[in-house]
Amino acid sequence: MAILWICRLSPKEYALAGRHVEVPRPDCSGCGVPMTFEGSYPRSVRVFPEVWRIQIRRAVCPRCGVGHALLPDFVTAKRLDHVEVIGAALAVAATNITAGLAACGVPAATQRSWCRRFAGRAEELGAGFVALATTY
């Protein structure tokens, strides 16, 4: 599982900080106990045309043993590209303007894969947005 946290750094700043990025310590979503940091792993994030190598911290609950990757909010799970690039490419696809792809710097095949993934999860995402809207 992954926990997103609000990161005020750009991908470049995050990468240059290396292991010195201050990551907030979350509470376990299952039992509410403060989690402990337990290592990290390297990961890449692409902001066209650059690719930055960043460290992702891990946290584990000392009570129930559940572990999570602590992802800065500019990355998505299992995707190389920056969230703003993905969002821009999906917006271009939604308007059916293929000329805008070059402006995003996204290869057409990459954009198609994002659209397939997004379409496959549209119902689940929609339900999540409705739940958020009715909560507040």
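Which residues is I54 in contact with, leaving aside its neighbours within four places in sequence?

This is a predicted model: local features need pLDDT of at least 70, side-chain atom pairs count only at pLDDT 80 or more, and totals for chains, interfaces and linings use all residues. Residues are numbered from 1 along each chain as its sequence is written, and side-chain values use heavy atoms, with hydrogens and water left out.

**Exercise 1. List the contacts of I54, then place I54 in its core.**

Step 1. Contact means heavy atoms within 4.5 Å. Leave aside neighbours within four places in sequence. I54 then touches P11, Y14, A15, Y41, P42, R43, V45, P72, F74 and V75.

Step 2. Turn to the largest nonpolar core (buried Ala, Val, Leu, Ile, Met, Phe, Trp, Tyr and Cys residues joined through side-chain atoms within 4.5 Å). This core has 20 residues. W5, Y14, V45, I54, F74 and V75 touch the most other members.

Step 3. Find the suppliers. At least two residues each come from α1 (11-17), β3 (50-60) and β4 (67-72). The biggest share is from β3, with four residues. Helices (H or I, at least four residues) and strands (E, at least two) are DSSP runs, numbered from the N terminus.

Step 4. Look for another core. A second, separate one has five residues, including V85, I86, L90 and W114.

Step 5. Add the general rule. In soluble globular proteins, nonpolar side chains tend to be buried together.

**Exercise 2. Work out the strand order of the sheet and the pairing of β4.**

Step 1. Two strands pair if DSSP finds at least two bridges between them. Four strands form an open sheet, in the order β1-β4-β3-β2. The pairing is mixed.

Step 2. Mark the edges. β1 and β2 (36-47) each pair on one side only. From one strand to the next, the twist averages 30°.

Step 3. Take β1 (residues 2-5) and β4. They run parallel, joined by four bridges. A2 has A69 as its bridge partner in β4. L4 stands opposite L71.

Step 4. Take β3 and β4. They run antiparallel, also with four bridges. Here R58 stands opposite A69. The hairpin has six residues between its strands, and G65 takes a positive phi near 80°.

Step 5. Check how enclosed β4 is. Five of its six residues are buried (under 20% relative accessible area; exposed is over 50%, partly exposed in between; 1.4 Å probe, protein chains only). So β4 is largely enclosed by the rest of the structure.

**Exercise 3. Is G67 buried or partly exposed? Ask this of C61 too.**

Step 1. Locate G67. It lies in strand β4. Its relative accessibility is 35%, so G67 counts as partly exposed.

Step 2. Find its partners. Not counting residues up to four places away in sequence, G67 touches M1, A59 and V60. The C-alpha atoms of G67 and C28 are separated by 8.9 Å, although 39 residues apart along the chain.

Step 3. Locate C61. It is found in the loop between β3 and β4. At 2% relative accessibility, C61 counts as buried.

Step 4. Find its partners by the rule of up to four places. C61 touches C28, C31, V33, M35 and V66. T36 is 25 residues apart from C61 along the chain, and their C-alpha atoms are separated by 6.3 Å.

Terms used:
Axes fitted to C-alpha atoms, helices over the stretch in contact; angles between N-to-C directions.
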